[in-house]
Amino acid sequence: MSRFKSDFLRTLDERGFIHQVSDEAGLDELFSKETVTGYIGFDPTAPSLHVGSLIQIMMLHWMQQTGHRPISLMGGGTGMVGDPSFKDEARQLMTIDTIESNIGSIKRVFSNYLAYGDGPKDALMINNADWLRGLNYLEFLRDVGRHFSVNRMLSFESVKTRLDREQSLSFLEFNYMILQAYDFVELAKRYDCRLQMGGSDQWGNIVNGIDLGHRMGTPQLFALTSPLLTTSSGAKMGKSATGAVWLNPEMLSAYDFWQYWRNTEDADVPRFLKLYTTLPMDEIARLSALGGAEVNEIKKLLATEVTAILHGRAAAEEAAETARKTFEEGGLSENLPSVEVPSAELDAGIGLLTLIVRAGLAGSNGEARRHVQGGAVRINDQPVSDERKVIGTGEVTSDGVIKLSLGKKKHILVRPA
């Protein structure tokens with residue numbers, strides 16, 4: 001039996017999204033009696049968010065699904081400063097053009113999870129540059145800065161971590177927490193936004209906003225954070241052996257995204273079904289009770305359901321079918337990731353290690369050599385043990401490609417260009 005009476009908090013609770021809430025009873029009462037507006041901020045540090053942001057996006061999704069209004073706040077203003085949270089070094093500053101370009105790229109993903117519009121429960125996409133870039137510094141110091149205690153700011157974990165390591169914390173970054181708190185107050189005044197959500201590392205920043213709102217006359221504001229997720233083996237969500245697991249399709253294909261979820265560790269499957277899919281809880285309970293060989297089938301279901309939300313059902317099912325043909329039939333699918341190599345290079349012959357690196361299956365020749373020596377590399381499904389092997393047109397199959405494989409799950413089609 002959930003401790004919450006509102007649909008939103010009950011849904012988040014049973015699916016494992018809740019780490020801390022600033023005032024459980026008050027927030028539960030608010031969600032029970034009115035349509036609530038809440039937000040999560042996203043910094044545009046790259047052209048795409050990655051899987052690590054997906055838990056936050058799903059929280060906004062469930063907020064809308066339970067009848068409330070989510071705001072996805074883009075940090076077009078704060079992105080010019082950079083969040084210091086737990087980083088060893090200051091972020092490289094981005095130009096306004098880069099920030100705007102990144103925001104435009106990131107926006108496309110959100111519409112797969114949220115319905116935007118002008119209705120009372122339609123999601124809003126807002127940029128904090130709307131109020132931050134036009135601030136008058138002296139007025140801001142007088143009206144906002146006076147409410148902040150430097151002593152208290154120095155006690156925040158994100159700041160202490162840097163200072164304890166005797167690493168520089170710039171005045172620019174120090175201002176970030178003031179700007180984030182001010183965002184909450186502006187959203188409260190402009191959109192009657194009452195809730196800020198985020199990862200548990202954002203707790204101090206969010207509570208700052210609640211305190212500032214109290215001092216600047218907003219209604220009672222609330223904080224809700226999600227647990228910082230790692231896999232059962234301790235790996236950080238959003239990273240894979242080959243790099244970040246991006247959400248934008250031009251940075252990571254639907255097939256590679258599907259594969260990331262297919263490779264979920266057994267112990268993580270029930271938790272990930274709750275957090276990253278919209279399957280009903282009773283269905284998740286049924287699936288989680290299965291074991292043995294059926295776990296692999298559940299992983300495929302997990303991969304297909306998560307991919308379907310982001311890339312569409314057709315792309316998810318195509319990825320699943322590509323994987324089935326490749327792994328179960330040993331076949332060659334045109335939908336596998338590919339890399340083009342100039343025909344002239346193949347005519348002359350290209351070193352195996354160079355090709356492995358070119359295909360993105362290793363970060364260096366040394367790493368590629370270790371893969372070959374470990375027996376993990378195959379050309380056209382045939383093991384290759386000679387690290388000095390030269391690959392040429394003789395390896396091109398009747399399908400017009402060379403199938404380069406690393407282990408059982410990574411396959412790249414090398415296409416003559």
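Let's start with strands 5 and 6. Strand 5 covers residues 193–199, strand 6 covers residues 222–226, and the two run parallel, joined by five bridges. If you'd like one bridge to find on your screen, take G199, whose partner in strand 6 is S226. Please keep in mind throughout that this is a predicted model.

Now, what order do the strands take in the open sheet that these two belong to? Reading across, the order is 1-6-5-2-3-4, so to speak a row of six strands, and the pairing is mixed. At the edges you'll find strand 1, residues 20–21, and strand 4, residues 124–127, each of which pairs on one side only.

There is a helix to look at here as well. Helix 3, residues 54–65, lies across strand 2 (37–42), strand 3 (69–74), strand 5 and strand 6. Relative to strand 2, helix 3 runs at about 160°.

Let's stay with strand 2 and turn to the aromatic rings. Searching the whole structure gives nine aromatic pairs. One of them is Y39 with F184, an edge-to-face pair with 5.6 Å centre to centre and 65° between the planes. Y39 sits in strand 2 while F184 sits in helix 10, residues 176–191, so this pair ties together parts that are 145 residues apart in sequence. Buried or exposed, you may ask, for Y39 and F184? Both are buried.

Strand 2 also holds F42, and its ring meets that of F110 in helix 4, residues 96–110. The centres of the F42 and F110 rings are 5.0 Å apart; because the planes stand at 70°, the pair is edge-to-face. In sequence, the parts tied together by F42 and F110 are 68 residues apart. As for burial, F42 has 4% relative accessibility and counts as buried, since the cut-off is under 20%. F110 is buried too, with a relative accessible area of 0%.

Before we leave the rings, have a look at F257, Y260, W261, F272 and Y276: ring pairs link these into a cluster.

On to another sheet. This one is open, has five strands in the order 9-15-14-11-12, and its pairing is mixed. Strand 9 (338–341) and strand 12 (382–383) are the edge strands, each pairing on one side only.

Let's walk across it. Strand 9 pairs with strand 15, residues 410–416, in the parallel sense over four bridges. There, V341 stands opposite P416 of strand 15. Moving along, strand 15 pairs with strand 14, residues 402–406, in the antiparallel sense over five bridges, and I402 stands opposite V414 of strand 15. Strands 14 and 15 form a hairpin with three residues between the strands, where G407 takes a positive phi near 65°. At the other end, strand 11, residues 377–379, pairs with strand 12 in the antiparallel sense over two bridges. The bridge partner of I379 in strand 12 is Q382.

One last residue for the charge-minded among you: E305, which lies in helix 15, residues 294–311. Which residues does E305 touch, leaving aside those up to four places away in sequence? They are T277, L279 and R313. E305 has a relative accessible area of 13%, and because buried means under 20%, E305 counts as buried.

That's the tour, thanks for listening!

Definitions and conventions
Residues numbered from 1 in each chain as written. Predicted model: local features only at pLDDT ≥ 70, side-chain atom pairs only at ≥ 80, totals over all residues. Heavy atoms only, no water. Pairing = 2+ DSSP bridges. Contact = heavy atoms within 4.5 Å. Axes fitted to C-alpha atoms, helices over the stretch in contact; angles between N-to-C directions. Buried < 20%, exposed > 50% of the residue type's maximum accessible area, 1.4 Å probe, protein only. Phe/Tyr/Trp six-rings, centres within 6.5 Å; stacked < 30°, edge-to-face > 60°.
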